Amino acid sequence: MLIKSILITLCSLYSGYSFAQIEPTSSQIQIEDTRGLQILSKVPVKVAALNWDIAEQVLELGVVPVAMPNITGYSEWVVRPEVPSSVQDIGTRVEPNIERLAELNPDVIIISSPQVDLIPRLERIAPVLTFETFSADHDNVKSAIQNFRSIAKVLGKQAYAEEKLTDMFYELEQLKHGLDTAYNGKLPTVAAFRFSNTSSIYLYGDNSITQFALQQLGVSPALPQPATQWGVTQKRLKALFELTDASVALYFKPFEQEDKVTNSVLWKAMPFVRNDRVNSVSAVWNYGGAMSILYNAQVLSTALLEIAPNTVKTN
């Protein structure tokens with residue numbers, strides 16, 4: 001019970017809502033989205049999720065959307081949760097197929113920043129809710145968790161959402177313990193990044209889900225970066241020469257030119273490469289909803305365990 005109490009406190013810390021305020025008082029749903037107070041007449045059944053982070057959260061809440069964009073891209077970059085075959089692909093995130101969406105007759109359309117300009121057209125089809133997680137003007141992690149709770153309220157899944165959040169913080173603690181054991185309590189600092197191209201990277205820093213996930217694992221940044229809207233800063237690849245011998249470099253997949261970079265003279269000259277303190281990280285979405293925190297932590301933990309010193313490995 002003590003552990004659960006602590007986890008509930010952690011969940012509350014990253015929330016705009018208190019645990020005493022999650023049950024609706026009538027069939028009418030009042031919800032604050034990015035645009036302000038919105039009112040739905042009832043819990044929607046047919047949900048259209050027009051952005052990947054929105055689709056991720058709807059699926060996490062046990063609701064299968066009738067439509068979402070670019071399912072092939074989602075399956076490559078976001079990966080989890082998987083998209084059921086019944087979900088209709090309605091084109092791209094920026095230019096969804098409005099006509100096809102209208103044919104599906106959703107009860108609600110949930111969007112994010114890439115679809116804001118489409119609101120007047122979308123509102124002719126169904127009520128529109130907007131949840132924008134990423135901004136330079138707020139804490140993206142708190143926003144992600146608040147939006148997860150808000151979407152759960154819309155879908156009548158409040159209690160389930162709280163269970164998911166509590167379980168997430170519990171698993172984060174378990175992952176942290178596993179890393180502490182593998183590294184004898186001496187975790188390396190980490191530079192986590194994506195390749196932008198063969199000569200530059202996107203380095204995750206403050207205000208990123210990735211950096212927050214690392215913090216929950218007890219890991220400090222090797223190359224601290226200031227807060228930005230998306231929590232990333234573009235750097236030249238050679239900036240990684242700044243990493244010390246005590247640091248680890250972790251890069252996220254996918255990247256089509258990975259072999260070209262990792263076989264280059266520049267890459268092989270990096271101290272962390274020569275010292276085997278580098279690893280790739282399985283595909284995960286760094287710009288998702290609340291559960292992306294856990295998914296980031298899981299793949300980052302796996303990557304770190306794979307390169308833990310042999311002297312402290314137990315198998």
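# Exercises on strands, cores and a pocket

Strand E8 (residues 189-197) and strand E9 run antiparallel and are joined by 4 bridges. The model examined in these exercises is predicted.

**Exercise 1.** Determine which strands pair with E9 and how far strand E9 is enclosed by the rest of the structure.

*Solution.* Begin with the E8 side, where a hairpin leads from E8 to E9 through 2 residues, and where phenylalanine 193 stands opposite leucine 203 in E9. Next, turn to strand E10 (residues 232-236), which runs antiparallel to E9 and is joined to E9 by 5 bridges; here tyrosine 204 stands opposite valine 232 in E10. Finally, consider burial, taking buried to mean under 20% relative accessible area: 4 of the 5 residues of E9 (residues 200-204) are buried, and therefore E9 is largely enclosed by the rest of the structure.

**Exercise 2.** Describe how strand E1 is paired, and sort the residues of E1 into a covered and an uncovered face.

*Solution.* First, establish the pairing: E1 and strand E2 (residues 36-40) run antiparallel and are joined by 5 bridges, with 2 residues between them in a hairpin. As one instance of this pairing, isoleucine 29 has leucine 40 as its bridge partner in E2. Then recall the general expectation that side chains in a regular strand alternate between the two faces of the sheet. In E1 (residues 29-33), Ile29, Ile31 and Asp33 form the covered face, while Gln30 and Glu32 form the uncovered one.

**Exercise 3.** Identify the residues with the most contacts inside the largest nonpolar core, the helix that gives the most to it, and the members named for a second core.

*Solution.* The largest nonpolar core has 69 residues, and Val58 and Leu250 are those with the most contacts inside it. Helix H12 (residues 291-306) gives the most to this core, contributing 9 residues. A second core of 19 residues is separate, and Phe193, Leu203, Leu223 and Val278 are among its members. Return now to valine 58, which, when residues up to four places away in sequence are not counted, touches Val47, Ala49, Val63, Pro65, Ile110, Ile151 and Leu155. Valine 58 is also one of the buried residues of helix H2, a helix (residues 52-60) in which 9 of 9 residues are buried. The buried residues of H2 also include Asp53, Glu56 and Glu60. After H2 comes glycine 62, whose phi is positive, near 80°.

**Exercise 4.** Classify lysine 142 as buried, partly exposed or exposed, and state its separation from alanine 290.

*Solution.* Lysine 142 is located in helix H6 (residues 140-154). The partly exposed class lies between the cut-offs of 20% and 50%, and lysine 142 counts as partly exposed because its relative accessibility is 37%. As for the separation, the C-alpha atoms of lysine 142 and alanine 290 are 8.7 Å apart, although the two residues are 148 residues apart along the chain. For the protein as a whole, 65% of the contacts between residues at least 6 apart in sequence join residues at least 24 apart.

**Exercise 5.** Characterise the largest pocket by its volume and its lining.

*Solution.* The volume of the largest pocket is about 210 Å³. This pocket is lined by 15 residues, of which Asn51, Arg93, Pro114, Trp230 and Tyr287 are the closest to its centre. Sorted by character, the lining comprises 7 nonpolar, 5 polar and 3 charged residues.

Methods: Residues are numbered from 1 along each chain as its sequence is written. This is a predicted model: local features need pLDDT of at least 70, side-chain atom pairs count only at pLDDT 80 or more; totals for chains, interfaces and linings use all residues. Side-chain values use heavy atoms; hydrogens and water are left out. On a 1 Å grid over the protein atoms alone, a cavity is a set of points where a 1.4 Å probe fits but cannot get out, and a pocket is an open set with protein on both sides within 12 Å along at least five of seven lines; lining residues have an atom within 4 Å of a point. Grid points are joined across faces, edges and corners, and a volume is the space filled by probe spheres set on the points. Ala, Val, Leu, Ile, Met, Phe, Trp, Tyr, Cys and Pro count as nonpolar, Asp, Glu, Lys and Arg as charged, and the others, Gly among them, as polar. Buried means under 20% relative accessible area, exposed over 50%, partly exposed in between (1.4 Å probe, protein chains only). Two strands pair if DSSP finds at least two bridges between them. A nonpolar core is a set of buried Ala, Val, Leu, Ile, Met, Phe, Trp, Tyr and Cys residues joined through side-chain atoms within 4.5 Å. Contact means heavy atoms within 4.5 Å.
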